Amino acid sequence: MKDTLFSAPIEKLGDFTFDESVAEVFPDMIQRSVPGYSNIITAIGMLAARFVTPHSNVYDLGCSRGAGILSMRRHIQVEGVQIIGVDNSAPMVERCRHHLSAFHSTTPVEILCDDIRCIEIKNASMVVLNFTLQFLPPDDRLALLQKIYQGLEPNGVLVLSEKFTFTDEHINTLLIDLHHTFKRANGYSELEVSQKRTALENVMRTDSIATHKQRLEQAGFSQVELWFQCFNFGSMVAIKSNNSPL
Ligand SMILES: Nc1ncnc2c1ncn2[C@@H]1O[C@H](C[S@+](CC[C@H]([NH3+])C(=O)[O-])CC(=O)[O-])[C@@H](O)[C@H]1O
Ligand SMILES: O=C(O)C(=O)Cc1ccccc1
């Protein structure tokens with residue numbers, strides 16, 4: 001389904017939510033809106049092949065329709081792994097469960113319709129936050145990362161993908177502008193770009209790469225690196241060391 005949600009003028013533009021209409025067009029929306037999205041999904045599978053250990057849990061927090069879960073599940077070759085996907089949007093969860101059931105796998109997946117701030121994380125070898133942390137209130141972000149760190153086993157990995165802001169105003173404007181050019185090249189009109197930007201203003205509060213690094217370190221991660229960036233979008237890995245004091 002093609003995303004045309006912001007194509008006509010909207011008189012009272014409300015805040016962006018992950019409702020039925022967004023869930024319906026979501027694969028098209030994210031593919032045309034996030035530069036590097038497919039590369040990141042592919043890399044999440046490659047990281048799963050390396051990091052997921054036998055008899056561990058794997059979490060995809062804010063799993064939407066399950067693209068990250070499918071990519072990980074395809075690459076997991078070890079036994080006894082349980083994948084847990086979490087999303088608090090019922091229309092997303094419904095489509096995610098339906099989509100996953102269309103593919104055969106020996107690795108079980110459970111999809112929870114819940115807030116990622118409320119679920120328990122334990123015995124994890126890999127945790128994915130693929131463009132989800134940016135939707136949490138900034139004050140709740142550190143506590144979530146601390147919970148993830150505590151739930152990870154030594155040598156476990158967190159993949160954190162986000163839209164970034166940049167402290168240099170000129171660079172920030174340039175990268176936002178290149179993102180808009182990317183969206184225009186993918187068929188979105190000026191009106192679609194500007195209405196969606198306004199709808200996202202109050203719900204998606206982005207941090208700088210430096211803020212993310214500091215917060216991940218504060219949560220306990222000692223090895224943190226940006227492994228991918230395209231314009232103002234990117235993805236980081238954070239590894240829990242095997243001689244962690246916590
Ligand atoms: N507090 C929360 N608790 C649970 N879910 C939440 C919360 N806040 C937001 N969500 C969910 O996080 C997802 C963010 S989209 C992730 C893409 C996916 N990872 C992908 O790889 O395709 C990113 C984007 O749209 O830019 C939505 O499905 C929300 O319902
Ligand atoms: O579309 C945008 O401008 C974005 O920043 C990315 C995005 C993609 C899907 C849902 C919400 C935000």
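**Ile 116 places a backbone N or O atom 3.0 Å from a nitrogen atom of ligand 1.** This is a polar contact (a pair of N or O atoms within 3.5 Å). A nitrogen atom of ligand 1 is also 3.3 Å from an N or O atom in the side chain of Asp 115. Asp 87 has a polar side-chain atom 2.6 Å from an oxygen atom of ligand 1. The protein buries 94% of the 660 Å² that ligand 1 exposes when taken alone (Shrake-Rupley method, 1.4 Å probe). The model is predicted: local features need pLDDT of at least 70 and side-chain atom pairs pLDDT 80 or more, while totals for chains, interfaces and linings use all residues. Residues are numbered from 1 along each chain as its sequence is written, chains are lettered from A and ligands numbered from 1 in the order written, and side-chain values use heavy atoms, without hydrogens or water.

**The shell around ligand 1 holds 21 residues.** Tyr 37, Gly 62, Ser 64, Asp 87 and Phe 131 come nearest to ligand 1 (shell residues have a heavy atom within 4 Å). By class, the shell divides into 10 nonpolar, seven polar and four charged residues. Gly counts as polar here. H1 and helix H2 (37-51) each supply at least two of the shell residues (helices are DSSP runs of H or I, at least four residues; strands are E, at least two). Tyr 37 belongs to helix H2. The space that ligand 1 takes is the largest pocket.

**The shell around ligand 2 contains three lysines: Lys 163, Lys 183 and Lys 196.** The other shell residues are Phe 16, Met 29, Ser 33, Val 34, His 179, Leu 200, Met 204 and Phe 233. The class split is six nonpolar, two polar and three charged. Helix H1 (20-33), helix H6 (169-185) and helix H7 (190-200) each supply at least two residues of this shell. The space taken by ligand 2 is likewise the largest pocket.

**Lysine side chains contact oxygen atoms of ligand 2.** For Lys 163, a side-chain N or O atom is 2.8 Å from an oxygen atom of ligand 2. Lys 183 has a polar side-chain atom 2.7 Å from an oxygen atom of ligand 2. For Lys 196, the separation from an oxygen atom of ligand 2 is 2.7 Å, again from a polar side-chain atom. On its own, ligand 2 has 320 Å² of accessible area, and the protein covers 95% of it.

**The UniProt record (unreviewed entry) places a "binding site" feature at ten listed positions: Tyr 37, Gly 62, Cys 63, Ser 64, Asp 87, Asn 88, Asp 115, Ile 116, Asn 130 and Arg 197.** These residues span 161 residues in sequence, and their farthest two C-alpha atoms are 24.7 Å apart, so they do not all gather at one spot. Of these residues, the lining of the largest pocket includes Tyr 37, Gly 62, Cys 63, Ser 64, Asp 87, Asn 88, Asp 115, Ile 116 and Asn 130. A pocket is an open set of points on a 1 Å grid where a 1.4 Å probe fits, with protein on both sides within 12 Å along at least five of seven lines; lining residues have an atom within 4 Å of a point.

**Residues 58-156 carry the annotation "domain: Methyltransferase" in an unreviewed UniProt entry.** The end C-alpha atoms of this span lie 10 Å apart. Its content is 31% helix and 27% strand.

Notes: Polar contact = N/O pair within 3.5 Å; in protein donor to acceptor, adjacent residues only side chain to side chain. Sits in = over half its atoms within 2 Å of the grid points. UniProt positions renumbered as here; feature names shortened; annotations may be inferred.
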